[in-house]
Amino acid sequence: MESQVRGGTRWKRFAVVMVPSVAATAAIGVALAQGALAASFSVSGQSFKVTTDQLVGTGFSQYGALDEGYTMDGKKAVHPVAVSSFKQATIKNLCQSVVTPNIPVLGNVSLILRAGQGAKPVEAQNLYIDVADLSADATFENIDIGVAAKDANKGPAMRKGETANPYGFAQQADKATLTDVKQTAWATTAGTFKLSGLKMSLSTGVKECY
């Protein structure tokens, strides 16, 4: 079965739109027992933007959750997200950007990370992405829509310790292919994350992937 999706998500619809993401962080690579990753950290006050030419993932599932964390001035904050997980994923031409505002003397400082631009794509296993907004062209193979989150079994299991209703809406598919991806995310965790041809740069001003 194929389903084509294009457009941006909204928080009120975050649980019913396919939103896998491809956020890359150089420090990611911590795996817990049996491949289940705990969502035990508080997210920062900065979301980040990601683009990629193509993401191909197998063993996909998605459900709604809440990310708890902070604002940039240290206040508590909660963000509704769509958690998308893949058993395995390959990502072509990845760009991730995050802007840190109002640094004394320097002003805004932008970090841009790029990987998978050549013949070798980025590779990930047991990948979880917490996304607030996405646009892409997407094709799903053997998709099930409306599964109880705790019973979704094509992708990795729900993460331990996260704020999510196991009886809430979920969807799953054997395979998902996304092209021309643009997204905003709050967090990413993975069992392994192999960044081929990793390049990272810092510059003043606002410079983002899109």
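Author: Two strands pair if DSSP finds at least two bridges between them. The model here is predicted. In it, the bridge partner of V99 is S110, which lies in β4.

Reader: What makes strand β3 and strand β4 a pair?

Author: The count of bridges. Strand β3 (residues 94-103) and strand β4 (residues 107-115) share eight bridges. The rule asks for at least two, so the strands pair. Their sense is antiparallel.

Reader: How many residues lie between β3 and β4 in the hairpin?

Author: Three residues lie between them. V105 is in the turn, with a positive phi of about 75 degrees.

Reader: Which strand pairs with β4 over six bridges?

Author: Strand β7 (residues 199-204), in the antiparallel sense. Six bridges against at least two: β4 and β7 therefore pair. V109 stands opposite T204 of β7.

Reader: How do you know that β5 pairs with β2 and with β6?

Author: By the same test, applied to each. β2 and β5 have nine bridges and run antiparallel. One bridge sets V83 against D130 in β5. β5 and β6 are joined by 21 bridges, also antiparallel. There, V131 has A185 in β6 as its bridge partner. The cut-off is at least two bridges, so β5 pairs with β2 and with β6.

Reader: Now the rings. Why is the pair of F60 and F86 called tilted?

Author: A pair of aromatic rings is described by the distance of the centres and the angle of the planes. For F60 and F86 these are 5.4 Å and 40 degrees. The centres must lie within 6.5 Å, and tilted covers angles that are neither under 30 nor over 60 degrees. Therefore F60 and F86 are a tilted pair.

Reader: Which parts does that pair of F60 and F86 tie together?

Author: Strand β1 (residues 48-70), which holds F60, and strand β2 (residues 76-92), which holds F86. These parts are 26 residues apart in sequence. Both F60 and F86 are buried.

Reader: What makes F60 and F140 a stacked pair?

Author: The planes are 5 degrees apart, and the centres 6.5 Å. Stacked needs under 30 degrees, so the angle fits the class. This pair links distant parts of the chain, from F60 in strand β1 to F140 in strand β5 (residues 122-148), 80 residues apart. F140 is buried, as is F60. Ring pairs thus connect F60, F86 and F140 into a cluster.

Reader: Why does the charged end of K49 count as sitting over the ring of Y210?

Author: It lies 4.9 Å from the ring centre. The distance limit is 6 Å, with a further limit of 35 degrees from the ring normal. The assignment is that K49 sits over Y210.

Reader: Why does S196 count as buried?

Author: Its relative accessibility is 13%. Buried means under 20%, so S196 qualifies. S196 is in the loop between β6 (169-194) and β7. Beyond four places in sequence, S196 touches A115, G116, K120 and P121.

Reader: How do you know that C95 and C209 form a disulfide?

Author: Their sulfur atoms are 2.0 Å apart. The cut-off is within 2.5 Å, so the pair is a disulfide. A search of the whole structure finds one disulfide. It links distant parts of the chain: C95 in strand β3 and C209 in the segment after β7, 114 residues apart. Both cysteines, C95 and C209, are buried.

Reader: What is the angle about the S-S bond of C95 and C209?

Author: The angle is -85 degrees, and the link is left-handed.

Note on methods
Residues are numbered from 1 along each chain as its sequence is written. This is a predicted model: local features need pLDDT of at least 70, side-chain atom pairs count only at pLDDT 80 or more; totals for chains, interfaces and linings use all residues. Side-chain values use heavy atoms; hydrogens and water are left out. Rings of Phe, Tyr and Trp (its six-membered ring) pair if their centres lie within 6.5 Å; planes under 30 degrees apart count as stacked, over 60 as edge-to-face and the rest as tilted. Helices (H or I, at least four residues) and strands (E, at least two) are DSSP runs, numbered from the N terminus. Buried means under 20% relative accessible area, exposed over 50%, partly exposed in between (1.4 Å probe, protein chains only). Contact means heavy atoms within 4.5 Å.
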